[in-house]
Amino acid sequence: MEHDVRQAESANPFEWSGGHPALDLVNTLDERPSSTPIENLATYHDLTRFAALAGLLDRRTAARLQRLDSRSGSYILKRARKLREHLHDVLATANSGRPARQPDLDALSAAIQAAHAAQTLVSSPSPGLANRRWSPALTPEIPLHACSLAIECLLVDEDRKRIRKCSASDCDVYYLDTSKGRRRQWCSMKGCGNREKQRRWRSATR
Ligand SMILES: [Zn+2]
């Protein structure tokens, strides 16, 4: 779903409370429940920067990608946002206790397959016998593929009970709960945690 969005102004606007690059990707559409969410993937440049900062791409590749033709970049950006929204819909459905919708999984699956097809093995001295490399080494799809592989890891490897949505009513940030007692309730204690505590305190003392 395309949103009526505001664009982020900050130089590093990304939300890093997801604890997993695929969740950080979902959180790049900030303030989701509002009618005017903030789009932090406003340009292809943002997408490559996000992928690099999330550890999905090395910075040298990201810098080289940012110099590619902008027309193909904007097409990839659109696909990346669509991919993100399919993942968001899978998470939102799971969060309401329902199984993921097959059209969302099919779309994610197609992107994941394309990402695997864009990798090849090359000899490596260590630690294994081979490393994965993008092939071709520099196409605008690389950040999209890197995000797709991160999504695959999230969906297949992570315990679904650790994937949570912030408990604040006006926040749709998703995160991986790695706290000891698995009782993390907020995307951040500083932001939503404090705000909700104050809200509860005010309604209790009213
Ligand atoms: Zn929150």
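These are my notebook entries on a few sites that I looked up in this structure, which is a predicted model.

**Entry 1: aromatic rings**

I began with a search of the whole structure for aromatic pairs, and the search returned three of them. In one of these, F14 and W16 have ring centres 5.8 Å apart and planes at 70 degrees, so I noted the pair as edge-to-face. I then looked up how covered the two residues are: F14 has a relative accessibility of 6% and counts as buried, whereas W16, at 35%, counts as partly exposed.

F14 also pairs with F50, again edge-to-face, with 5.4 Å from centre to centre and 65 degrees between the planes. I located both partners along the chain, and found F14 in the loop between strand 1 (6-7) and helix 1 (21-26), with F50 in helix 2 (residues 44-53), so that the pair links distant parts of the chain, 36 residues apart. Both F14 and F50 are buried. Taken together, the ring pairs link F14, W16 and F50 into a cluster.

**Entry 2: helix 2**

Since F50 led me to helix 2, I asked myself how many of the residues of helix 2 are buried. Seven of its 10 residues are, and the helix is mostly covered; the buried ones are Y44, D46, L47, T48, F50, A51 and A52. When I looked for what covers these residues, I found that the cover includes helix 1, helix 3 (59-65), helix 4 (70-95) and helix 6 (142-157). Just after helix 2, I also noted G55, which takes a positive phi of about 85 degrees.

**Entry 3: the zinc ion**

Which protein atoms are the donors of the zinc ion? I listed the SG atoms of C166, C171, C187 and C192, lying 2.3 Å from the ion. The four donor atoms subtend angles of 104 to 116 degrees around the zinc ion, and I therefore recorded the arrangement as tetrahedral. For comparison, I wrote down that the ideal angle for four tetrahedral donors is 109.5 degrees.

In sequence, the donor residues follow the spacing C-x4-C-x15-C-x4-C. C166 lies in the loop between strand 6 (163-165) and strand 7 (174-176), and C187 in the loop between strand 7 and helix 7 (189-205), so this pair ties together parts that are 21 residues apart in sequence. I checked the cover of both: C166 is buried, with a relative accessible area of 2%, and C187 is buried as well, with 9%.

**Entry 4: a charge over a ring**

My last note concerns R184, which lies over the face of Y175, at 3.9 Å from the ring centre.

Methods: Residues are numbered from 1 along each chain as its sequence is written. This is a predicted model: local features need pLDDT of at least 70, side-chain atom pairs count only at pLDDT 80 or more; totals for chains, interfaces and linings use all residues. Side-chain values use heavy atoms; hydrogens and water are left out. Rings of Phe, Tyr and Trp (its six-membered ring) pair if their centres lie within 6.5 Å; planes under 30 degrees apart count as stacked, over 60 as edge-to-face and the rest as tilted. Buried means under 20% relative accessible area, exposed over 50%, partly exposed in between (1.4 Å probe, protein chains only). Helices (H or I, at least four residues) and strands (E, at least two) are DSSP runs, numbered from the N terminus. A charge sits over a ring if NZ of Lys or CZ of Arg is within 6 Å of the ring centre and within 35 degrees of the ring normal. Donors are N, O and S atoms within 2.8 Å of the metal (3.2 Å for Na, K and Ca); water is not among the atoms, so sites may look incomplete. Four donors count as tetrahedral if all angles lie between 85 and 135 degrees; four count as square planar and six as octahedral if opposite donors are over 155 degrees apart and all others between 65 and 115; anything else is irregular. Contact means heavy atoms within 4.5 Å.
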